[in-house]
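Visitor: I would like a quick tour of this model. Please keep the answers short.

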Amino acid sequence: MLIVMKADATEGQVKAVLRVIEQLGYRGHPMPGASRTAIGITGNPGAVDPSHFENLPGVSEAVRVSKPYKLVTLDLRSEKTVVQVGDASIGGEELAIIAGPCAIESRDQAFVVAEAVRRSGAKFFRGGAFKPRTSPYAFQGLGEDGLKILEEIRETYGLKIVTEALDEAGVDLVERYADMIQIGARSMQNFTLLRRVGKSRLPVLLKRGLSATLDEWLLAAEYIMSEGNYQVVLCERGIRTFAQHTRNTLDLSAVPAVRRISHLPVIVDPSHGTGKNYMVTPLARAGVAVGSDGLIIEVHDQPDHALCDGAQALTLVQYEQLVSEVRAIHEVIAPAPVT
Ligand code: PEP
Ligand code: MN
């Protein structure tokens with residue numbers, strides 16, 4: 001059930017509706033929009049009787065939701081969500097660029113890359129302190145020491161820090177040091193982790209699972225939102241297919257497909273989406289052309305010596321060139337308004 005408030009409904013009237021929802025034992029999720037507020041209802045085991053709401057002051061209509069998702073959908077919020085991360089944002093007019101190494105390997109490595117990321121005008125720095133590796137013997141990340149380096153980078157360059165949490169204890173740590181929690185492809189259906197980040201005050205970057213359908217991915221976002229965290233950014237990072245010429249198949253059709261259903265911002269990861277250095281820039285250009293709200297790019301000062309994902313890392317020079325190219329494309333497809 002979705003309660004649509006009248007355009008002139010007062011805050012008090014919205015609160016009164018939320019109280020009725022609570023009294024019924026359910027949870028209300030108010031989504032203020034440009035013209036009206038809508039309130040999503042979750043926690044109801046079956047259909048909700050619309051007569052509880054129809055005659056309340058300020059209510060325009062009570063609408064049954066037949067889709068599996070109630071909060072990610074455009075039915076609840078017709079304008080795009082802009083996820084605010086301090087003074088930076090994802091989903092607004094500006095193309096969001098999140099860049100940095102796959103893993104934080106050392107203070108020196110992280111600072112050299114961060115300097116280039118800052119110079120490019122990007123507002124977000126990425127880097128894993130906890131790495132989900134296929135082999136238990138591969139470099140697993142520096143853990144909290146890596147987070148401390150990221151915190152120093154934030155202080156030095158003013159970049160917003162995006163980093164992955166693999167488990168609930170990791171979320172506690174990431175919340176202390178970073179600005180945005182990344183949920184990796186392998187964790188997209190770790191439902192306890194999704195619920196935990198749903199209780200976080202930090203925005204969440206939710207990567208698409210390696211074999212996730214659009215519905216499964218959106219329902220993962222729904223898990224987070226149903227706990228009260230509405231600051232979710234979706235990230236298309238490629239899926240497993242029979243193709244062998246790439247690490248993953250970057251499904252760029254996911255961008256317009258998400259856009260048709262959801263108000264959440266969606267970004268593209270051409271690094272994991274291709275796994276190959278020479279493909280990252282062409283697919284980044286395509287991602288922006290297809291309407292992505294941003295890009296997440298792996299960059300390394302010495303890709304040949306990277307401890308993780310070196311084959312897909314751009315050099316600092318390649319990265320700088322990529323940024324200027326994708327900015328030019330973004331300017332063409334979403335020109336800044338003339339002021
Ligand atoms: C990463 O961003 O380095 C990463 C591990 O990504 P994914 O979860 O998409 O594989
Ligand atoms: Mn990586």
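## Strands, burial and contacts

Guide: Start with a pair of strands in this predicted model. Strand β8 (residues 124–126) and β9 pair in the parallel sense, over 3 bridges.

Visitor: Which residue stands opposite K160 in β9?

Guide: The pairing of β8 and β9 is parallel. K160 belongs to β9, and its opposite number is F124.

Visitor: How many of the residues of strand β9 (residues 160–164) are buried?

Guide: Take the two faces in turn. K160, V162 and E164 lie on one side of β9, with I161 and T163 on the other, and all are buried. The strand is therefore mostly covered, and the count of buried residues is 5 of 5.

Visitor: In which sense do strand β10 (residues 180–183) and β11 pair, parallel or antiparallel?

Guide: The two strands are joined over 3 bridges. I181 stands opposite V204 in β11. The sense of the pairing is parallel.

Visitor: Which residues are buried on the two sides of strand β11 (residues 204–207)?

Guide: Both faces of β11 are covered. One side has V204 and L206. The other side has the buried residues L205 and K207.

Visitor: Is D179 buried or exposed?

Guide: D179 sits in the loop between α4 (168–177) and β10. Its relative accessible area is 15%. The cut-off for burial is under 20%, so D179 counts as buried.

Visitor: What does D179 touch, not counting residues up to four places away in sequence?

Guide: Several of its contacts can be placed on strands. K160 and I161 are in β9, and D179 touches both. The full set is V85, R154, L159, K160, I161, L202 and P203.

Visitor: What separates the C-alpha atoms of D179 and L307?

Guide: Along the chain, the two residues are 128 residues apart. In space, their C-alpha atoms are separated by 24 Å.

Visitor: Which strands pair with β1 in the antiparallel sense?

Guide: One partner is joined to β1 by 4 bridges, and I3 stands opposite A62 there. Another is joined by 3 bridges, with G40 as the bridge partner of L2. These partners are strand β4 (residues 59–63) and strand β3 (residues 37–42).

Visitor: Which way do the residues of strand β1 (residues 2–5) point, and are they buried or exposed?

Guide: L2 and V4 point one way from the strand. I3 and M5 point the other way. All are buried.

Visitor: What is the relative accessible area of M31?

Guide: M31 is in strand β2 (residues 27–32). It counts as buried, so its value must be under 20%. The relative accessible area is 5%.

Visitor: With which residues is M31 in contact, leaving aside its neighbours within four places in sequence?

Guide: T37 and A38 are among them, and both lie within the range of β3, residues 37–42. The contacts are R36, T37, A38, L76, R77, M225 and Y230.

Visitor: Is Q318 buried or partly exposed?

Guide: Q318 is in helix α10. It touches N277 and A313, not counting residues up to four places away in sequence. Its relative accessible area is 29%, and burial needs under 20%, so Q318 is partly exposed.

Visitor: What is the value of phi near D309?

Guide: D309 is in the loop between β14 (294–298) and α10 (316–333). With a relative accessible area of 18%, D309 is buried. Phi is positive in this residue other than glycine, and is near 55°.

Visitor: Now the whole chain. What is its radius of gyration?

Guide: The secondary structure comes to 10 helices and 14 strands. For 339 residues the globule rule gives 20 Å, and the chain is close to that, so it is as compact as a globular protein of that length. The radius of gyration is 21 Å.

Visitor: How many residues apart are the partners in 69% of the contacts with a separation of 6 or more?

Guide: Of the 339 residues, 53% count as buried. For contacts with a separation of 6 or more, 69% come from residues whose distance in sequence is 24 or more positions.

Visitor: How far apart do the centres of the positive and negative side chains lie?

Guide: The chain has 36 positive and 40 negative side chains. The centres of the two sets lie 2 Å apart.

Methods
Residues numbered from 1 in each chain as written. Chains lettered and ligands numbered in written order. Predicted model: local features only at pLDDT ≥ 70, side-chain atom pairs only at ≥ 80, totals over all residues. Heavy atoms only, no water. Rg over C-alpha atoms; globule rule 2.2 N^0.38 Å. Buried < 20%, exposed > 50% of the residue type's maximum accessible area, 1.4 Å probe, protein only. Contact = heavy atoms within 4.5 Å. Lys, Arg positive; Asp, Glu negative; His and termini not counted. Charge placed at Lys NZ, Arg CZ, Asp CG, Glu CD. Pairing = 2+ DSSP bridges.
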